[in-house]
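Visitor: I have a new structure open and would like to learn how to read it. Could you walk me through some of its features?

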Amino acid sequence: MTELTMSVAAAEFGRDMEACYATIAGLIEQAHARGSRLLVLPEACLGGYLPSLGGGTESDEARQRRLRSLPPALTLDGPELRRIAEMAGDLVITLGFCEADGDVRYNAAVTLHGDGILGSYRKVHQPLGENLCYAAGSEYQAFDTPVGRMGMQICYDKAFPEAARALALDGAQIITSLSAWPTARTATAERLEDDRWTQRFDIYDRARALENQVVWIAANQAGTFGSLRFVCSAKIVGPGGEILSSTGTEAGLATATVDVDHVLELARGGGMYNLGDRRPELYNRVVAKHGVVGQPGVPEQLAAAHA
């Protein structure tokens, strides 16, 4: 049995890149002090997130103003991520940033350590007008690291069971979920603990861990940015859906020590192995492109194709 100590952050990040580096350096120092070999940081922690969410029509002037408000666009081989890799040393770090691919921008995440990048990901599911700023990614792929086989997803991805399941089926033992998850925009609550979107965030984290029998690590932004107030709630969840460590609704660092192979064996070896007991030949409707077959609005030809 080999135990792995891991840490996950709820922390505040804005446009000031030097302030971002300083915050990351402080979190790395805390993680090292706790004996962590893996540190998970939030979505958009290099340059901050979007100042607001929302779609609809916009004027050309509004569009240009929105594009000027984006976080700095970085490349995988650029100096910014190299700087983080140098800071990481033998610590494996997952973090979010805005990725540039030519003129196209992606909401992206990367896992790296001192030797370079171990895996990268572009956010697939886009909420509330995020598609006005970013292109969508197109795949979920697990990858090997010194701390085990991992997968990454970003924020709204956690609302889609298929996203986590794809990573689990690709062998991910640990799934990191990086977020800039805000409070509800309507029927708001004064206390973060009472906020509907805080509760939704926590439910998704526990459900995704349990249904895939993986170790789930959820980072989140803290504080405020633009019109957004973030729910914190960074946590480490075991494969039985149990919360092993959490920051609650405060900024901070949550840490847990887990024998990943052992807890996965216990979860999957007790007669309820969710991945092995699937019946995929019956699930064709789950991936029907235009909705649930048999429900209003689903084209007749699609229903026939999936009959």
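Guide: Gladly! This is a predicted model, and a good place to begin is a charge beside a ring: Lys158 lies over the face of Trp181, at 5.7 Å from the ring centre.

Visitor: Where in the chain is Lys158 found?

Guide: Look in the loop between strand E8 (148-154) and H4.

Visitor: Is Lys158 buried or exposed?

Guide: Here a cut-off helps: buried means under 20% relative accessible area. Lys158 has a relative accessible area of 0%, so this residue is buried.

Visitor: Which residues is Lys158 in contact with, leaving aside its neighbours within four places in sequence?

Guide: The list includes Trp181, Phe201 and Tyr204, along with Asp205, Arg208 and Trp216. Also among them are Gln153, Ser177, Ser179 and Ala218.

Visitor: Several of those are aromatic residues. How should I read aromatic pairs?

Guide: A pair of aromatic rings is described by the distance of the centres and the angle of the planes. In the whole structure, a search finds 4 aromatic pairs. One of them is formed by Trp181 and Phe201, edge-to-face, with 5.3 Å centre to centre and 65° between the planes. This pair links distant parts of the chain, 20 residues apart: Trp181 sits in the loop between strand E9 (174-179) and helix H5 (196-212), and Phe201 in helix H5.

Visitor: Why is the pair of Trp181 and Tyr204 edge-to-face?

Guide: Planes over 60 degrees apart count as edge-to-face. The planes of Trp181 and Tyr204 are at 70°, with ring centres 6.1 Å apart, so the pair is edge-to-face. Tyr204 is in helix H5, 23 residues apart from Trp181. Together, Trp181, Phe201 and Tyr204 form one aromatic cluster.

Visitor: How much of each cluster member is accessible?

Guide: Trp181 counts as buried at 7% relative accessibility, and Phe201 counts as buried at 0%. Tyr204, with a relative accessible area of 21%, is partly exposed.

Visitor: Which other ring has a charged end sitting over it?

Guide: Try Tyr21: the charged end of Arg83 sits over its ring, 3.7 Å from the centre.

Visitor: Now, how do I read empty space?

Guide: Rolling a probe the size of a water molecule over the atoms shows where empty space is left. In this model, the largest pocket holds about 310 Å³ of space.

Visitor: Which element gives the most to the lining of the largest pocket?

Guide: That is helix H4 (residues 161-169), with 5 residues. The lining includes Pro161, Glu162, Arg165, Ala166 and Leu169, and also Glu211, Arg278 and Tyr283. By class, 6 lining residues are nonpolar, none are polar and 4 are charged.

Visitor: Could we finish with two leucines, Leu95 and Leu70?

Guide: Of course. Leu95 is in strand E4 (residues 92-101), and at 0% relative accessibility this residue counts as buried. Not counting residues up to four places away in sequence, Leu95 touches residues including Leu41, Cys45, Ile84, Val110 and Leu178. From Leu95 to Asp205 the C-alpha distance is 18 Å, across 110 residues in sequence.

Visitor: And Leu70?

Guide: Leu70 is in the loop between helix H2 (60-68) and strand E3 (73-74). With a relative accessible area of 16%, Leu70 is buried. Neighbours within four places aside, Leu70 is in contact with Arg15, Leu50 and Cys133. Leu70 and Leu91 are 21 residues apart along the chain, and their C-alpha atoms are separated by 29 Å.

Terms used:
Residues are numbered from 1 along each chain as its sequence is written. This is a predicted model: local features need pLDDT of at least 70, side-chain atom pairs count only at pLDDT 80 or more; totals for chains, interfaces and linings use all residues. Side-chain values use heavy atoms; hydrogens and water are left out. Helices (H or I, at least four residues) and strands (E, at least two) are DSSP runs, numbered from the N terminus. Buried means under 20% relative accessible area, exposed over 50%, partly exposed in between (1.4 Å probe, protein chains only). Contact means heavy atoms within 4.5 Å. On a 1 Å grid over the protein atoms alone, a cavity is a set of points where a 1.4 Å probe fits but cannot get out, and a pocket is an open set with protein on both sides within 12 Å along at least five of seven lines; lining residues have an atom within 4 Å of a point. Grid points are joined across faces, edges and corners, and a volume is the space filled by probe spheres set on the points. Ala, Val, Leu, Ile, Met, Phe, Trp, Tyr, Cys and Pro count as nonpolar, Asp, Glu, Lys and Arg as charged, and the others, Gly among them, as polar. Rings of Phe, Tyr and Trp (its six-membered ring) pair if their centres lie within 6.5 Å; planes under 30 degrees apart count as stacked, over 60 as edge-to-face and the rest as tilted. A charge sits over a ring if NZ of Lys or CZ of Arg is within 6 Å of the ring centre and within 35 degrees of the ring normal.
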